[in-house]
Amino acid sequence: MSKNLIYMVAINHDSSEYKNTDYSQYSIKSWEYWCKRNNVDFMLVTEHDDRLGKPIWNKELIYERADGYDKIGVVDSDTMIKWDAPNIFEMYDDEFCGVLDNVNLKWVHDSLQVYGKFFDGINVDIDEYINAGVLFFTKKHLSLFKDILDFYLKNQEELDNWNKGGGKEQTILNYHLKKTDFKRKFLTPSWNLLGMHKKQMFTHNWQLNEDKTPFFVKYGFIWHFTGFGIPDRINLMKQTWELFEKHYDIDNIKYDKILDLTRHRDVEKSTTTRKFKKDILDTFLNDKFKDKVLVEIGCHKGNSTKYLSKIFKKVYAVDKWHLDKAKEHCKDCDNVEFVKANLYPYRKGDGSIQNAEDWGDFLPSNVDVVFIDAGHEYQQVKSDIENALKLWPNVSFIFDDYGLPPGEVKKAIDEHVEEGNLKISKFIGDSADDLISAANTKFIDMEGCICNLM
Ligand SMILES: C[S@@+](CC[C@H](N)C(=O)[O-])C[C@H]1O[C@@H](n2cnc3c(N)ncnc32)[C@H](O)[C@@H]1O
């Protein structure tokens, strides 16, 4: 297996009136999380090498610091990586990878002009000019950074006092890269989302009125907060962190890959929160339950079915509607059986009553855990509990929507607790204050509970 490294320079330095940490703190937390999740080492440089002028030249020192690594990424401290971005190191072989920087072509053109005097006879084309803030390459490319550092040291006085514009090391890197015979790979813009404000990426599709996720989060893997002043950068990175911080929970990394496979209550009305699902994983993802059978009463589009299938040996998912969507969402889960059934009596068009189907007719006798999440009226929940206890006297219960107003689910559960049929083992999911629901429902109690935990 290859050993890979992300290298970031984040130095507070008196050459800037702002502290780098004012914004890099968010960058660092995002990269730390992603590296841990993808088994990549993270090298953070916070000490300036006094041989150098501005902190940015510390990036070049990667050539002497990446010993023992196969693939390397150099990322600027004004970038953040999306929590579930794929492992980029698995997406290239031996190429030098970057994203074209074409946000401001005049700036690129002028920069190539002013630095061109150092690179006689070398022509970098505008459509091969990459942004230096996010680079991925291999150990065989490290010599490039030594060449750039040598170039800098040779021209240090001029470069440290440079007043002709055109940035600092990016154009120099592009000229040096052009001198090599490295095979190059231009990554899609999502791997270094530049000019986000110009592309209106901080907004969302308000016409749909259903998903308020900003475009940069939806369509980008690495967000580059550049092209505006540092106070704006600090603000935007801080806001981004505060909005999505919950996805970067290093302590729960072991669950995140599973939780990212499915949708949660903040964007999908008829499922549970991420926290609810996490609590289920925390309780059941272990040796004790890996050979057990779960029934989900009311599976809707399979948003819970999918992660439950990673916990239990077999999952039966019951619903009267939505099964096509649920099957599609769970098409890679080979231990799920979908069951179409009508769970409650209802009045037909001719006024007669259609009885509910008998659970024993469509569910097996060896069920260990039942997840009750279909009808939310008192009578419906009460009958679900009674049906389950009748068929499987020792079953453990998971209930969603304990605190759903006006309290019918809670009433049915509490009554059975009082009667001694159920014992609440723990409350799970979000509290009434924390719960964010796409349906805008204000809960009156905890989101869910587990009863009779075996
Ligand atoms: C809240 S959703 C289930 C969400 C799912 N458990 C999850 O976590 O993503 C409730 C489901 O119960 C189903 N349902 C309601 N009444 C039903 C009935 N009479 N028979 C079968 N399914 C029913 C609905 O079709 C709906 O898909």
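This passage walks through the fold of the chain, its seven-stranded sheet, a helix pair and the surroundings of the ligand.

The structure is a predicted model. The chain has 454 residues, of which 38% count as buried. Its secondary structure amounts to 15 helices and 17 strands, and its C-alpha atoms fill a box of roughly 90 × 45 × 40 Å along the principal axes. Sequence-distant pairs feature strongly in the contact map: among contacts between residues at least 6 apart in sequence, 71% join residues at least 24 apart.

A convenient place to begin is the open sheet of 7 strands, whose order reads β11-β10-β9-β14-β15-β17-β16. Pairing within this sheet is mixed. Its edges are formed by β11 (336-340) and β16, each of which pairs on one side only. Neighbouring strands are turned by 15° against each other on average, with direction ignored. As a general reminder, strands of a sheet pair through backbone hydrogen bonds, in either a parallel or an antiparallel arrangement.

Both arrangements can be followed here strand by strand. Strand β9 (residues 293-297) runs parallel to strand β10 (residues 314-319), and 5 bridges join the two. Within this pairing, Val-293 has Lys-314 of β10 as its bridge partner. Strand β9 is mostly covered, with 5 of its 5 residues buried. Its side chains are shared between two directions: Val-293, Val-295 and Ile-297 point one way, while Leu-294 and Glu-296 point the other. The charged residue Glu-296 is thus listed among the buried positions of β9.

Antiparallel pairing appears around strand β17 (residues 448-451). On one side, β17 pairs with strand β15 (residues 396-400) over 4 bridges in the antiparallel sense, and here Phe-397 has Cys-451 of β17 as its bridge partner. Strand β16 (residues 424-428) likewise pairs with β17 over 4 bridges, again antiparallel, and Lys-426 stands opposite Ile-450. Within β17 itself, Gly-448 and Ile-450 point one way and Cys-449 and Cys-451 the other, and all are buried. Helix α10 (residues 274-284) lies across β15, β16 and β17, running at about 140° to β16.

Turning to helix packing, helix α1 (residues 21-38) and helix α8 (residues 230-244) meet at an angle of about 35°, their axes 8 Å apart. The crossing of α1 with α8 is left-handed. From α1, the contact involves Asp-22, Tyr-23, Tyr-26, Ser-27 and Lys-29; from α8, it involves Arg-233, Ile-234, Met-237, Lys-238, Thr-240 and Trp-241. These contact residues divide into 5 nonpolar, 2 polar and 4 charged.

Finally, the ligand is surrounded by 19 residues. The closest of them are Thr-271, Gly-298, His-300, Ser-304 and Lys-320. By class, the shell around the ligand holds 10 polar, 5 nonpolar and 4 charged residues.

Conventions:
Residues are numbered from 1 along each chain as its sequence is written. This is a predicted model: local features need pLDDT of at least 70, side-chain atom pairs count only at pLDDT 80 or more; totals for chains, interfaces and linings use all residues. A residue is buried if 20 or more other C-beta atoms lie within 10 Å of its own, exposed if 12 or fewer, and partly exposed in between; C-beta atoms are placed from the backbone. Two residues are in contact if their C-beta atoms, placed from the backbone, lie within 7 Å. A residue is near a molecule or strand if its C-beta atom, placed from the backbone, lies within 6 Å of it. Two strands pair if DSSP finds at least two bridges between them. Axes are lines fitted to C-alpha atoms, for helices over the stretch in contact, and angles run from 0 to 180 degrees between N-to-C directions. A crossing is left-handed if the near helix is turned anticlockwise from the far one by less than a right angle, and right-handed if clockwise.
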